[in-house]
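Open the model in your viewer and keep the sequence panel visible. The stops below go from the whole chain to single side chains.

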Amino acid sequence: MTAGSRKVTANSTVYQLYPRSYRDANGDGIGDIAGMTRRMDHIANLGVDALLVAPLFPSPNADFGYDVTDYCDISPTYGSLMDFDEMVQVAHARGLGVVVDMVPCHTSIEHPWFRDHPEWYIWSDVDGPANNWVACFGGKAWSRDEQSGKWYLHSYYPEQPDLNWRNPEVVEAMTDVFSFWHKRGVDGFRLDAVSRLVKDAGLRDNPPLTNPFPLWENALQAMWDQRRYHLDQPDTFPALARLKEELDGTYLIAEAYLPNRDLAPYLEHVDAAFTFELLQSSPCPHRLARILKESASLQGLAWTLANHDFGWITGRWGHEMARLAALLVLTLPGGAYLYQGEEIGMTNAPPPRTSQDRAGRDPFRHPLQWTRDGGFSSVEPWIPYHDPVACNVEDQDKDPGSLLSFYRALLTLRPALAGPLDEITVDESCLSYRRGAHRICLNFGDSPVSLPPHHEVILTTGDATIRTTLGPHSGAILAL
Ligand code: NOJ
Ligand code: CA
């Protein structure tokens with residue numbers, strides 16, 4: 001396969017792979033590239049179009065790969081550039097595109113750029129924070145660099161200083177980095193934290209928020225309370241347009257942590273954007289219907305219910321909703337991203353005794369459960385297994401009634417669901433919508449509901465013989 005010949009598009013289905021926890025091939029307890037390569041069939045057999053690989057770059061792991069010290073190499077923990085090339089080749093041979101998670105907003109504080117090119121970063125003019133901005137994981141967004149005595153901006157951990165995308169040298173250096181991987185044959189990029197790429201030129205204080213922010217009301221709320229100048233700046237868009245052009249139109253997906261309606265300007269320049277509003281919704285048909293109605297006009301949404309930052313949907317909606325969740329995420333127009341383990345119903349674990357991630361995301365990152373005894377590694381994994389006896393790939397692979405088989409059936413059927421998202425309605429506890437010649441019905445309630453008139457039941461989450469009613473927590477695809 002030649003560089004860039006495989007196309008990932010806005011309509012692709014993508015498996016989000018967290019390499020550290022996918023499969024450990026060399027027996028050190030940490031997932032690696034060889035593990036991904038050797039277990040590529042699991043992803044290919046699922047029926048997705050591509051995989052998204054979380055950062056593999058050398059990193060001191062203050063934020064597990066999202067603090068990069070060299071953008072053009074692979075961390076020895078995961079393997080080598082040769083291993084990476086082989087992995088891409090194997091993915092391509094199985095018909096899968098490869099999307100690389102790129103971190104353009106910040107580097108590691110240990111990246112040589114921080115010392116060699118301090119002007120590539122954002123510094124306060126005063127002896128202290130330049131403004132009232134807060135960091136995403138809590139605390140002030142400014143820290144003092146002991147060596148220079150000056151204060152630098154960090155949207156995330158202090159170990160992740162923000163690059164100054166208003167400096168053309170930064171734009172050039174990062175564009176070279178993207179080109180490096182593009183030339184290696186990858187099929188697209190996830191743009192990490194892209195809503196924070198460009199900041200207010202004057203670094204002005206944020207005013208207090210007047211409207212409630214429509215995503216989760218949790219600890220992150222503080223950051224949204226003051227969101228005027230530290231993110232989502234208009235100058236982000238020319239930067240994205242230039243990147244898109246430099247990369248010959250390669251697929252780009254924005255990780256912009258914003259409500260769906262604010263994604264529109266991003267979608268003018270990139271192919272796709274994650275839908276955090278869906279990810280953070282409760283299983284309430286009215287709320288889901290509102291999100292879908294507000295989003296119906298947006299092209300390029302990448303629907304997702306789970307990732308390494310927010311955990312699996314079964315952890316929030318309960319195991320009884322696993323199939324409904326699958327039916328929802330895979331029957332909407334646009335793209336769909338599945339997080340590893342979602343296909344077998346993995347769920348959030350209790351925090352391990354020794355914490356790895358200071359932001360409390362360990363419960364979302366335990367190893368993929370391949371067999372009843374774990375099967376991720378020949379040794380103790382870097383973070384403990386959760387419930388491999390109850391939930392593993394091997395058991396579900398052979399069982400036609402398993403969740404894994406249901407995901408495979410859905411992914412096989414998905415191309416038939418053409419047509420826009422239409423006729424979104426809620427009847428009692430049942431959310432339903434039309435996609436061309438099909439209607440999808442999802443009953444989120446505890447009681448049965450009647451199915452609307454239809455020609456044929458194509459797929460159900462449960463009883464394949466149903467004709468007129470949908471049981472509790474059940475869904476169906478109907479041919480009209
Ligand atoms: C979003 C990533 O998904 C998350 O894991 C990371 O901590 C932040 N961006 C900072 O890079
Ligand atoms: Ca390993």
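**Whole chain**

Start with the full chain: buried residues (under 20% relative accessible area with a 1.4 Å probe, protein chains only; exposed is over 50%, partly exposed in between) make up 61% of its 480 residues. This is a predicted model, in which local features need pLDDT of at least 70 and side-chain atom pairs count only at pLDDT 80 or more, while totals for chains, interfaces and linings use all residues. Residues are numbered from 1 along each chain as written, chains are lettered from A and ligands numbered from 1 in the order written, and side-chain values use heavy atoms, without hydrogens or water.

Next, switch to the C-alpha trace, which spans about 70 × 55 × 45 Å along its principal axes. Then turn on contacts (heavy atoms within 4.5 Å): of those with a separation of 6 or more, 67% join residues 24 or more positions apart.

**Charges**

Select Lys and Arg as positive, Asp and Glu as negative, leaving out His and the chain ends. Place each charge at NZ of Lys, CZ of Arg, CG of Asp or CD of Glu. The chain has 40 positive and 62 negative side chains, and the two centres lie 3 Å apart.

**Cysteines**

How many disulfides does the structure hold? Zero, counting pairs of cysteine sulfur atoms within 2.5 Å. Select Cys284: its closest cysteine sulfur, in Cys430, is 13 Å away, too far for a bond. Cys284 is partly exposed, at 27% relative accessible area. Move to Cys430, where the nearest cysteine sulfur belongs to Cys441, 4.8 Å away. Cys430 is buried, at 7% relative accessibility.
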